[in-house]
Amino acid sequence: MQSHPAPDLIVTARRIHVLGDHPPVQALLVRGGRIAALGTADEVRHAALPGARTEHVDGVITPGLTDAHVHLTLWALARRRVDLNAAATLDAGLAVLAEAAKSGEGWVRGLGWDQHRWGGFPTKEALDRACPDRPAFLQSHDLHGAWVNSEALRRCGITRDTPDPEGGEIVRDAAGEPTGVLLEKAIGLVESRLPQESPEEVRDALLDAQAEAHRLGLTGVHSVEVTGLEDFTAMELDGVLRLRVLQAIPLPRLDHAIGARLRSGFGGPWLRIGGVKMFLDGALGSRTALMRQPYEGGGVDDRGIRTLEPDVFRENVRRAAEAGIASTVHAIGDAAVELAIDVLGSAPRVAAMPHRIEHVQLCPPDLWERAGRSGLVGSMQPVHLVTDIPAAERHWSHARSRGAYAFAPLANAGMTLAFGSDVPVETCDPRMGLFAAVRRVGWSGEPREGWWMENAIPAGQALRAYTEGPAHAAGLSHRQGRLLPGYDADLVAWDVDPLDCEVDALREMRCVMTMVDGEVVQRDGERQGLGNRE
């Protein structure tokens, strides 16, 4: 039976920030999932068709926010596994694991340990005490390390004679025995042997995660999930995908994508193909981010791990671009960031969307102008700095950290910023990202004066990095990121005005309503009816 189109919807609020160069308005007209008109309440009522409904929101409306860097399936599943993020010490983490090991069978899995919080890398002997009879695999807070027990090493055949894989390290003790910590590509020695969840388990977990994203004010995500294309395609076919997803192509699938003539920008309004995801280095916390100069306190060769050779990287970018596929490149250390700017900045452009650098965590002042002129998107995660300030000071030094999370210098130089979270590495709550970009302090509130405040940006610019920036990165500036006529009716309402409030209110404000495609999906923290789309 053919369904009738939904009647027009007039949305009014205390204030509506439509962005672009347009001043705030009183009302929006939503028709067919798009913004049809805007202006005063009278102007919008005049433009509405007969039978229009009206909804007044007691809040301030902005475009829906997009998290420009997520591992959504991993986060969804991690919400159902052991969470070590709150464990302040190794002993606290072991207590949580011992309790978890009492129920269920098979592998004990979890995420969130942090060697900086725990005073060093954990060991297999410690994990054996908590999980003596079951194999255990625990991912680090930054996802660049894994902690496993003796049973896991045994099952995967990892011994003192196992060589380090290229781009990875099996951490060993003084006698050469594996300690139970695996870094970078060495993680795959165990991860590839883990049992996989069923499609039904993944779908249920993703539906819960999607509802949580809506509650936080997110209407879109840029996914770097390895299985994202399959996971989100299944949700779209079932009619339950309510996030706008830009999905990256994993590098191992590049040849297949080229052979299938897949291109960046292919897809529809819910699921769109992004760029090919590559890694140039590791992470700050594990001292595997690739550096120009050695880490503080390290030897002359202590400069991190290069996970992709420059010539191979350059050739991958060239092949992808010639096939119409943009590049999405992980670069954290200053050496990796410089290589990414040089290669991507000189690579052929892709019509559908720009090349982008993920993280850009350490970009020294001598690279700011080059980054700004490059035409690249800086996909950055402000919430990382809240956790990383102590590690950056320790491993990079205060002086080098002038180039850490350099939001303002990069934006002023001309680089488009697209903000995200890297969830489950950090919370995907965009309020914390907004706060971090503006205030630049750690979880403890230190340093009280802010950390390298010349790199801070105002709230309005931070909001645009969650709205207009991701839209530009996805090649969708013409229909997402703003609330102008013809744009998608993806919006959120806050109980305070994020562009006119105290800085602390940015992390405390409440998302009172979320709308995607003209449909209210969350109101006051409660999930709304999500019937299948026809």
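What percentage of the 534 residues of the protein chain count as buried? In this predicted model, the share is 60%. Burial here means a relative accessible area under 20%. The accessible surface of the protein chain comes to about 21300 Å². Carbon and sulfur atoms account for 50% of that area.

The overall dimensions were examined next. The C-alpha trace spans about 80 × 55 × 50 Å along its principal axes. The radius of gyration is 23 Å. A compact globule of 534 residues would have a value near 24 Å, so the protein chain agrees with that expectation. Contacts were considered between residues at least 6 apart in sequence. Of these, 72% join residues at least 24 apart.

Charged side chains were also counted. The protein chain carries 56 positive and 73 negative side chains. The centres of the two sets lie 3 Å apart.

Secondary structure comprises 18 helices and 22 strands. Among the strands, 6 form an open sheet. Their order is β6-β7-β8-β9-β11-β10, and the pairing is mixed. The sheet is bounded by β6 (82-83) and β10 (168-172). Each of these edge strands pairs on one side only.

Within this sheet, β8 is adjacent to β9 in the strand order. Strand β8 covers residues 136-140, and strand β9 covers residues 145-148. The two pair in the antiparallel sense, over 3 bridges. One bridge partnership involves Leu-138, whose partner in β9 is Trp-147.

Note on methods
Residues are numbered from 1 along each chain as its sequence is written. This is a predicted model: local features need pLDDT of at least 70, side-chain atom pairs count only at pLDDT 80 or more; totals for chains, interfaces and linings use all residues. Side-chain values use heavy atoms; hydrogens and water are left out. Two strands pair if DSSP finds at least two bridges between them. Helices (H or I, at least four residues) and strands (E, at least two) are DSSP runs, numbered from the N terminus. The radius of gyration is taken over C-alpha atoms; the globule rule is 2.2 Å times the number of residues to the power 0.38. Buried means under 20% relative accessible area, exposed over 50%, partly exposed in between (1.4 Å probe, protein chains only). Contact means heavy atoms within 4.5 Å. Accessible areas come from the Shrake-Rupley method with a 1.4 Å probe; for residues, only the protein chains shown count as cover. Lys and Arg count as positive and Asp and Glu as negative; His and the chain ends are not counted. The place of a charge is taken as NZ of Lys, CZ of Arg, CG of Asp or CD of Glu.
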